[in-house]
Amino acid sequence: MSYGAEFNPNRLGLARRRRGLTKRKLAELIGADVRAVTAYESGEYKPERERLLALADQLHFPVQFFVGSDVQEVTPDVVSFRSMSKMTAGQRDAALGAGAVALMLNEWIEQRFELPAAQLPDLSQESSPAAAAAALRRIWGLGELPIKNMVHLLEARGVRVFSLSLDTAHVDAYSMWHASTPFVFLNTMKSCERSRFDAAHELGHLVLHRHAGPKVKDAERQANEFASAFLMPEGSVLANAPVMATVDQLVSHKVFWTVSVAALAYRLKDLKLVNEWHYRSLCIEMAQRGYQKSEPNSAPRETSQVFQKVFAALREDRMTRADVADQLAVHVNELDELVFGLALTALVGDAQAQSRPRRPVLQVIEGGRE
């Protein structure tokens with residue numbers, strides 16, 4: 001390639017934000033003045049060969065990433081973050097950068113596979129978030145049954161689910177609509193139970209706030225209320241949960257809904273199965289036991305059914321992990337971090353093999369209880 005001749009400043013800005021770096025910090029890393037980085041990103045002038053190599057090295061992107069057409073970025077105004085209070089600007093930018101790479105990967109997959117179409121109704125006019133959760137369960141035919149696998153359920157209904165990489169560990173989760181496709185990003189460093197709640201929380205944003213935007217007043221409270229009611233339907237809790245429960249009983253019963261001890265305790269309070277004093281006592285004991293940091297009796301982590309099927313099909317076409325990464329002009333670990341650590345290394349075969357033209361329809365099974 002011709003260094004500098006095809007350089008795209010849009011891609012440099014995205015790569016820098018993906019790594020959570022300021023212009024000043026990137027300038028320090030490559031031994032340049034901050035004005036040079038500003039000029040590169042504005043398109044005032046292009047980096048020379050050695051400088052471009054340094055940028056690629058420090059930003060952990062192949063040199064080829066910095067050429068070609070603009071990459072569609074994810075902006076804060078279209079995103080509902082699970083928790084804004086824990087994030088620095090750099091962590092937010094890194095998470096949004098992961099979203100941009102995910103859009104690239106999703107487009108690449110959709111060109112080769114027929115993925116489920118979105119089946120998320122607009123429930124913003126329901127009387128309450130809990131009513132919206134009950135309505136969605138009726139629409140999806142879930143009844144009062146616990147959800148076996150939240151990721152599989154979302155994927156079966158057309159939501160594109162990606163994982164957040166380790167460098168965005170302080171971001172709980174976020175969601176967005178891109179055109180007519182919903183996306184959810186989950187932090188895989190959390191327990192299965194807390195990640196499932198995050199997934200249900202983001203589902204709440206997608207069906208409650210699609211047209212209102214993420215800045216709607218009380219959006220986070222509404223999404224939490226939706227998630228609690230969606231994972232633990234009122235009738236199911238009243239029929240199965242203990243009254244005036246102990247912490248040990250909560251640890252035992254939470255397995256039925258695959259939720260955290262804290263989430264079940266709050267749901268019991270919400271449904272008036274425990275009073276405020278009892279709830280505070282439960283919270284104190286759970287904190288003393290360390291359950292805020294370490295979930296007891298935690299379930300196995302949920303992963304993506306779609307990615308498993310996609311990569312299995314690619315493997316049959318003798319397409320290697322390097323092929324996928326090369327076509328997106330990213331490193332392989334960038335893909336690993338987006339797909340729940342699924343075994344991209346299992347994509348074996350001749351690195352020069354050409355995949356056969358195909359657009360198979362993926363059969364995605366819902367994550368309801370069997």
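Q: What makes Arg18 and Glu337 a salt bridge?
A: In this predicted model, the closest N and O atoms of the two residues are 3.6 Å apart. The cut-off is 4 Å between a side-chain nitrogen of Lys or Arg and a carboxyl oxygen of Asp or Glu, so the pair qualifies. Arg18 lies in helix H1 and Glu337 in the segment after helix H16 (332-336), so the contact ties together parts that are 319 residues apart in sequence. The pair also belongs to a network of salt bridges that links Arg18, Arg19, Glu334 and Glu337.

Q: Why is Arg18 called buried or exposed?
A: Arg18 has a relative accessibility of 1%. Buried means under 20%, so Arg18 counts as buried. Its partner Glu337 comes out at 24%, so that one is partly exposed.

Q: How do you know that Arg17 and Glu73 meet in a salt bridge?
A: Their N to O distance is 2.8 Å, and that is within 4 Å, so the label holds. Arg17 sits in helix H1 (residues 9-18) and Glu73 in the loop between helix H4 (49-59) and strand S1 (79-81), so this pair joins parts 56 residues apart in sequence. Arg17 has 23% relative accessibility and Glu73 has 27%. Partly exposed runs between 20% and 50%, so both residues get that label.

Q: What makes strand S4 (residues 181-187) largely enclosed?
A: 7 of its 7 residues are buried, so the rest of the structure largely encloses the strand. On one side you've got Thr181, Phe183, Phe185 and Asn187, on the other Pro182, Val184 and Leu186, and all are buried. That split fits a general pattern. In a regular strand, side chains alternate between the two faces of the sheet.

Q: Why do S3 and S4 count as paired strands?
A: Pairing takes at least two bridges, and strand S3 (residues 173-178) and S4 have 6, so they count as paired, in the antiparallel sense. One of the bridges puts Ala173 opposite Leu186 in S4. The two strands form a hairpin with 2 residues between them, and Ala179 in the turn has a positive phi of about 60°. Strand S2 (residues 160-164) pairs with S4 too, in the parallel sense over 5 bridges.

Q: What makes the approach of Gly235 to Glu144 a polar contact?
A: The backbone nitrogen of Gly235 lies 3.2 Å from a polar atom of the Glu144 side chain, and the limit is 3.5 Å, so the distance passes. The backbone nitrogen of Ser236 lies 2.9 Å from a polar atom of that side chain. Glu144 itself has a relative accessible area of 42%, so it is partly exposed.

Methods. Residues numbered from 1 in each chain as written. Predicted model: local features only at pLDDT ≥ 70, side-chain atom pairs only at ≥ 80, totals over all residues. Heavy atoms only, no water. Buried < 20%, exposed > 50% of the residue type's maximum accessible area, 1.4 Å probe, protein only. Helix = DSSP H or I, 4+ residues; strand = E, 2+ residues; numbered from the N terminus. Polar contact = N/O pair within 3.5 Å; in protein donor to acceptor, adjacent residues only side chain to side chain.
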